[in-house]
Amino acid sequence: MLKSILNFIAKPFIWLGGLFGRLGMILKIAIIVLLIVLVPFYGYFFWTTQVWNGFDPDYAQAYSNATKEAGDVPEPSGGIVSGDPDEADKAASRSNDKTCRRSMIVEATANLTDFNVNENAWISSMLLYKMGLFGIPWEATPFFDNKAAFQRGAHQAVQRTSVELVDALGRVRGTSQVDKDLQEARGDLQFNESTWYFSLSPFGPKTPTPSFYRSAIKDLRKFNDRLEKCDAVFDARADNLLEFVDRIARDIGATSAVLRERSENYNSGWFDTRADDRFWFAYGQTYAYYGILTAARADFEDVIRERRLEAIWDELEEQLRASLNITPFIISNGAEAGWIMPSHLATLGFYILRVRANLVEIRTILDR
């Protein structure tokens, strides 16, 4: 029995060996050169898609430990402003000594982007990922697409945050000047996710996607360096927090709808090749928002304390962290009432909806 199985496995290789032996010398050399190029190329692709460097579900704790440094309340022309700008200006004018601090939201945004493109390779713009499996997109197969979906989900949270930083958080009131560094970072982070070094449409060389994202990291950290020196503004008012929380709630609400649609309309269990894309995208988005919202607690600590949001914010962070415990080896999209194949999409969607409910409650309290 064992001998038969081994013969069956070896038969295709024996056939290929015989075929190779009948080829001419030129074709043999061409195939050898092709294999020398492709084997390490695919080996690197396999390694980068399967190994997740720097992944840590508890990474957000670094932002929760951030505290204000000693010093006077910064004036509106520099630092984190947590109250009325006029009052902050009066308080700051009483002393020339000011100590400003870095924004944890900006820090988290830069670190998440660094995690995506520096600690790990950005999968979506890699040539082999764009080529797919003999022309079939990797998303339509069970292979090599989980990390790419996770990265895109995390990046969507980063993109949303960068928009809010430019439009509201990185300046005092809506009539003040937009911060140049934040604006540059937002533009780079909105760049196409799948651009390689060369394109056929339009034809010609391109700057790859990771280069733009790396440039955004530099701009975000440059802004934080200026903020630490009181040469920039982070407007940590209650209405800005309300708007920020509301936008995030809408963002994850849309993701929960995608999970629900796939879970309700497809019940192929372990054989649903699209379920893993939806799951890991939502998981990546949740992973990123866990850090960003934990960082927001540090930046808006005065508002959260004044509005007595500590308890509900604790619950929000607990729900986000609990959702990151769902890491099945194979994503299953079975019937919700099924007993053999679970519905991992429904499970993750449940946690996301609980997070959204916490965000809506926080928004309601801030809107009173």
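Contacts between residues 24 or more positions apart make up 78% of the chain's contacts with a separation of 6 or more. The model is predicted. The chain contains 14 helices and 4 strands. Of its 368 residues, 46% count as buried. The accessible surface comes to about 18,900 Å². Carbon and sulfur atoms hold 58% of that surface.

Helix 7 offers an example of a long-range approach. Helix 7 spans residues 146-169 and includes Ala157. The C-alpha atom of Ala157 is separated by 6.3 Å from that of Tyr289. Along the chain, the two residues are 132 residues apart. Tyr289 is also among the contacts of Ala157 once neighbours within four places in sequence are left aside. The other contacts on that basis are Gln285, Ala288 and Ile292. Ala157 has 0% relative accessibility. Ala157 therefore counts as buried, the cut-off being under 20%.

The surface carries a nonpolar patch of about 830 Å². Its members are Met25, Ile29, Val33, Leu34, Val37, Leu38, Phe41, Tyr42 and Met131. Helix 2, residues 25-50, supplies the largest share of the patch, with 8 residues. Leu34 is placed in helix 2.

Charged pairs were examined next. Side chains of opposite charge can pair when their charged atoms come close. Across the whole structure, 21 salt bridges are found.

One of the salt bridges joins Arg160 to Glu164, with the closest N and O atoms 2.9 Å apart. This pair stays within helix 7. Its two residues are 4 residues apart, about one turn of the helix. The partners fall into separate burial classes. Arg160 has 25% relative accessibility and counts as partly exposed. Glu164 has a relative accessible area of 3% and is buried. The reason lies in the cut-off: buried means under 20%, so Glu164 at 3% qualifies, whereas Arg160 at 25% does not.

A further salt bridge links the side chains of Asp167 and Arg186, at 3.2 Å from N to O. Asp167 lies in helix 7, and Arg186 lies in helix 8, residues 180-189. The pair therefore ties together parts that are 19 residues apart in sequence. Both partners are partly exposed. The relative accessible area is 37% for Asp167 and 22% for Arg186.

Helix 8 also takes part in a salt bridge between Asp181 and Lys222. The closest N and O atoms of this pair are 3.8 Å apart. That distance meets the salt-bridge criterion because the cut-off is within 4 Å. Lys222 lies in helix 9, residues 209-228, and Asp181 lies in helix 8. The pair therefore ties together parts that are 41 residues apart in sequence. Lys222 counts as partly exposed, at 46% relative accessibility. Asp181 is buried, with a relative accessible area of 7%. Elsewhere, salt bridges that share partners join Arg102, Glu107, Asp225 and Glu228 into one network.

Notes:
Residues numbered from 1 in each chain as written. Predicted model: local features only at pLDDT ≥ 70, side-chain atom pairs only at ≥ 80, totals over all residues. Heavy atoms only, no water. Buried < 20%, exposed > 50% of the residue type's maximum accessible area, 1.4 Å probe, protein only. Contact = heavy atoms within 4.5 Å. Areas by Shrake-Rupley, 256 points an atom, 1.4 Å probe, with all protein chains shown as cover. Patch = residues over 30% accessible without salt bridge, like charges linked within 9 Å, V, L, I, M, F, W, Y side chains within 5 Å.
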